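Reader: I would like to learn how to read a model like this one. Let us take it feature by feature.

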Amino acid sequence: MSASKIAYKPVGLVLGAASGIIATTAFKQAWKIIEGHDDAPDALDEDRSWRQILLAAAVQGAIFSVVKAAVDRSGAVATRRVTGIWPG
């Protein structure tokens, strides 16, 4: 593993945590719009329908993937601007 990849590891960890926080907030807002509930169902919530459970999982997965990709890419671009080296 190259020195640039090792040096980027802490940055990647911080960005990963940030992307989780951003994605969670985005999902909660999206779920309020979609279903009108503050809390999204989880798989073991017996009071929610299959449709609600699967829709929540699909929306959450899509939002988390998009946010993670956007944050990771932004971090890589910023690293290249600062160091001149692509971290990947």
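Reader: Start with valine 59. Is it buried or exposed?

Author: Compare the relative accessible area with a cut-off: buried means under 20%. This is a predicted model, and in it valine 59 has 17% relative accessibility, so valine 59 counts as buried.

Reader: Where does valine 59 sit in the secondary structure?

Author: Valine 59 belongs to helix α2, which covers residues 50-83.

Reader: Which residues touch valine 59, sequence neighbours aside?

Author: Leave out the residues within four places in sequence. Then valine 59 is in contact with Phe27, Ala30 and Ile34.

Reader: How far is valine 59 from alanine 30, in sequence and in space?

Author: Read both separations together. They are 29 residues apart along the sequence, and their C-alpha atoms lie 8.2 Å apart. Lysine 28 and glutamine 60 can be read in this way too: 32 residues along the chain, 8.9 Å between C-alpha atoms.

Reader: And lysine 28 itself: in which helix is it, and what is its exposure?

Author: Lysine 28 is part of helix α1. Its relative accessible area is 47%, so lysine 28 is partly exposed; the exposed class needs over 50%.

Reader: How many aromatic pairs are there?

Author: The general idea comes ahead of the count. A pair of aromatic rings is described by the distance of the centres and the angle of the planes. Here the count is 1 aromatic pair. It is formed by phenylalanine 27 and tryptophan 31, with ring centres 6.2 Å apart and planes at 35°, so the pair is tilted. Planes under 30 degrees apart would count as stacked, and over 60 as edge-to-face.

Reader: What separates phenylalanine 27 and tryptophan 31 along helix α1?

Author: About one helical turn, because they are 4 residues apart in that helix, which spans residues 3-35.

Reader: What are the accessibilities of the two ring residues?

Author: Phenylalanine 27 has a relative accessible area of 7% and is buried. Tryptophan 31 is at 0% and counts as buried.

Reader: Tryptophan 31 also has a contact with glutamine 52. What else does glutamine 52 touch?

Author: Set aside residues up to four places away in sequence. Glutamine 52 then touches Glu35, His37 and Pro41 as well as Trp31. Glutamine 52 lies in helix α2. At 12% relative accessibility, this polar name should not mislead you: glutamine 52 counts as buried.

Reader: Now the whole protein. What is its secondary structure?

Author: Count helices and strands. The protein has 2 helices and 0 strands.

Reader: How do I judge its overall form?

Author: Set the radius of gyration beside the globule value. The protein has 17 Å, where a compact globule of 88 residues would have near 12 Å. Then look at the box: the C-alpha atoms fill roughly 50 × 25 × 15 Å along the principal axes.

Reader: What share of the residues is buried, and what supplies the exposed area?

Author: Of the 88 residues, 24% count as buried. The protein exposes about 6,200 Å², and carbon and sulfur atoms supply 64% of that.

Reader: How far apart are the mean positions of the charges?

Author: Average each sign separately. The 10 positive and 8 negative charges have mean positions 21 Å apart.

Technical notes
Residues are numbered from 1 along each chain as its sequence is written. This is a predicted model: local features need pLDDT of at least 70, side-chain atom pairs count only at pLDDT 80 or more; totals for chains, interfaces and linings use all residues. Side-chain values use heavy atoms; hydrogens and water are left out. The radius of gyration is taken over C-alpha atoms; the globule rule is 2.2 Å times the number of residues to the power 0.38. Buried means under 20% relative accessible area, exposed over 50%, partly exposed in between (1.4 Å probe, protein chains only). Accessible areas come from the Shrake-Rupley method with a 1.4 Å probe; for residues, only the protein chains shown count as cover. Lys and Arg count as positive and Asp and Glu as negative; His and the chain ends are not counted. The place of a charge is taken as NZ of Lys, CZ of Arg, CG of Asp or CD of Glu. Rings of Phe, Tyr and Trp (its six-membered ring) pair if their centres lie within 6.5 Å; planes under 30 degrees apart count as stacked, over 60 as edge-to-face and the rest as tilted. Contact means heavy atoms within 4.5 Å.
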